Structures are given as C-alpha cells and as structure tokens.
Amino acid sequence: MKKVLLVEDNSPTRQAVLLKLVEQKIPTDVAIDGKEALEKIKGGSYALVIIDLLLPKVSGFEVIRSIRNNAATKNTKVLVFSNLNQDPNIEEAIKAGADAYYVKSDTNIHELIKKIAEMI
C-alpha cells in the first residue's frame, strides 16, 4: 500500500485522523508544521499528502506549491483538510494544486477516510 503524509498542527484532529488511517492499515507519516512537511516530502515518496492550510512555520498553501513545483513530487496527490471554508481560500488551494478540499466542520471522519482510500 502507498504511504500517506498527514500534516496537521492540531493534536486532537491529528490523532483522530491518524487513528482511522491506522485502523484502515494505511501507512502514514505525520508532520506538525509546514517546515517539517517539506522536509518529509523531500525524503519520502508519498502517494497522498493530507494537509491543513493554517500551519506554523510554512503555510499549507506554500507546501502545496512546493509539491507541485518539484519534478519528483509534482504527481503526488494533495487533499486539503482545513477549517478555511471561504471560497477565496478554496480557490487558492485548488489553484496551488490541491486535488481535493474538505472543510473539517462539514466532513465526518468516515467520509474523509473513504476519500483518502479512493485517492491512494
């Protein structure tokens, strides 16, 4: 199975998503800020990056742009999981290169995990 990188600075959210990914036997690495995500993306080969947009050190938008601008990672799928639910934020994330966008408050964990499984 292909590996996933979960980039989330909120510990309860990170733990909830990680628990479900582990239950589904989806190999997952974790990063708690954008800088750590960029370092892991350089060294790993991920099928999917699940990313929040409001992150410490480097924003999720910048991480997505970096993924798309790197020949080695440009085909990595990106799923945004964020509380930013305004159209300009969604449009910016899609323009940056996100493949899917889910608003945390509008998405239950089972729906998210189903989409993740489809994307990998």
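User: When do two strands count as a pair?
Analyst: Two strands pair if DSSP finds at least two bridges between them. In this predicted model, strands β3 (residues 48–51) and β4 are a parallel pair joined by four bridges. One of the bridge partnerships links V49 to V78 in β4.

User: How does the chain cross from β3 to β4?
Analyst: The path runs through helix α3, residues 60–69, and the resulting β-α-β crossover is right-handed.

User: What does β4 pair with besides β3?
Analyst: Strand β5, residues 100–103, pairs with β4 in the parallel sense, again over four bridges. V80 has Y101 of β5 as its bridge partner. Helix α4, made of residues 87–96, joins β4 and β5 in a right-handed β-α-β unit.

User: Is β4 enclosed or open, and why?
Analyst: Strand β4 covers residues 77–82, and five of these six residues are buried, so the strand is largely enclosed by the rest of the structure.

User: And β1, which strand does that one pair with?
Analyst: β1 (residues 4–7) pairs with β2 (residues 28–31) in the parallel sense, over four bridges. Within β2, D29 is the bridge partner of L5. Between β1 and β2 the chain passes through helix α1, residues 11–23, in a right-handed β-α-β crossover.

User: Stepping back, how many helices and strands are there?
Analyst: The chain has five helices and five strands. Read from the N terminus, their order is β-α-β-α-β-α-β-α-β-α.

User: Why is the chain described as compact?
Analyst: Its radius of gyration is 13 Å, close to the 14 Å that the globule rule gives for 120 residues, so the chain is as compact as a globular protein of that length. Along the principal axes, the C-alpha atoms fill a box of roughly 30 × 30 × 25 Å.

User: What percentage of the residues is buried?
Analyst: Buried residues account for 44% of the 120 in the chain. As for contacts between residues at least 6 apart in sequence, 59% of them join residues at least 24 apart.

User: Which residues touch the most others in the largest nonpolar core?
Analyst: That core has 22 residues, and the members touching the most others are L5, V7, V49, I51, L53, I64 and V80. At least two core residues come from each of β1, α2 (34–43), β3, α3, β4, α4 and β5. The largest share, four residues, is supplied by α3.

User: What is V7 in contact with?
Analyst: Apart from neighbours within four places in sequence, V7 is in contact with A31, D33, A37, V49, I50, I51, D52 and L55. There is also a second, separate core of 16 residues, with V17, L79, Y102 and I113 among them.

User: Moving to the loops, where is T107 found, and is it buried or exposed?
Analyst: T107 is in the loop between β5 and α5 (109–119). Its relative accessible area is 13%, and it counts as buried because that value is under 20%.

User: Which residues does T107 touch?
Analyst: Beyond its neighbours within four places in sequence, T107 is in contact with F81, Y102 and L112. In addition, a polar atom of the T107 side chain lies 2.8 Å from the backbone oxygen of V103.

User: What about T73, buried or exposed?
Analyst: T73 is buried, at a relative accessible area of 7%. This residue belongs to the loop between α3 and β4. Leaving aside neighbours within four places in sequence, T73 is in contact with I41, S66, I67 and R68.

User: How far apart are T73 and V22?
Analyst: They are 51 residues apart in sequence, and 24 Å apart in space from C-alpha to C-alpha.

User: Now the backbone: what is the phi of K25?
Analyst: The phi of K25 is near 60 degrees, which is positive in a residue other than glycine. For context, most residues other than glycine have a negative phi. K25 sits in the loop between α1 and β2, and at 67% relative accessibility it counts as exposed.

User: And K57, what is its phi, and where does it lie?
Analyst: K57 is not a glycine, yet it has a positive phi of about 70 degrees. K57 lies in the loop between β3 and α3. Its relative accessible area is 67%, and it is exposed because that value is over 50%.

Note on methods: Residues are numbered from 1 along each chain as its sequence is written. This is a predicted model: local features need pLDDT of at least 70, side-chain atom pairs count only at pLDDT 80 or more; totals for chains, interfaces and linings use all residues. Side-chain values use heavy atoms; hydrogens and water are left out. Buried means under 20% relative accessible area, exposed over 50%, partly exposed in between (1.4 Å probe, protein chains only). A crossover is right-handed if, with the strands pointing away from the viewer, the path from the first strand over the helix to the second runs clockwise. A nonpolar core is a set of buried Ala, Val, Leu, Ile, Met, Phe, Trp, Tyr and Cys residues joined through side-chain atoms within 4.5 Å. Contact means heavy atoms within 4.5 Å. A polar contact is a pair of N or O atoms within 3.5 Å; within protein, one must be able to donate a hydrogen and the other to accept it, and residues adjacent in sequence count only if both atoms are side-chain atoms. The radius of gyration is taken over C-alpha atoms; the globule rule is 2.2 Å times the number of residues to the power 0.38.
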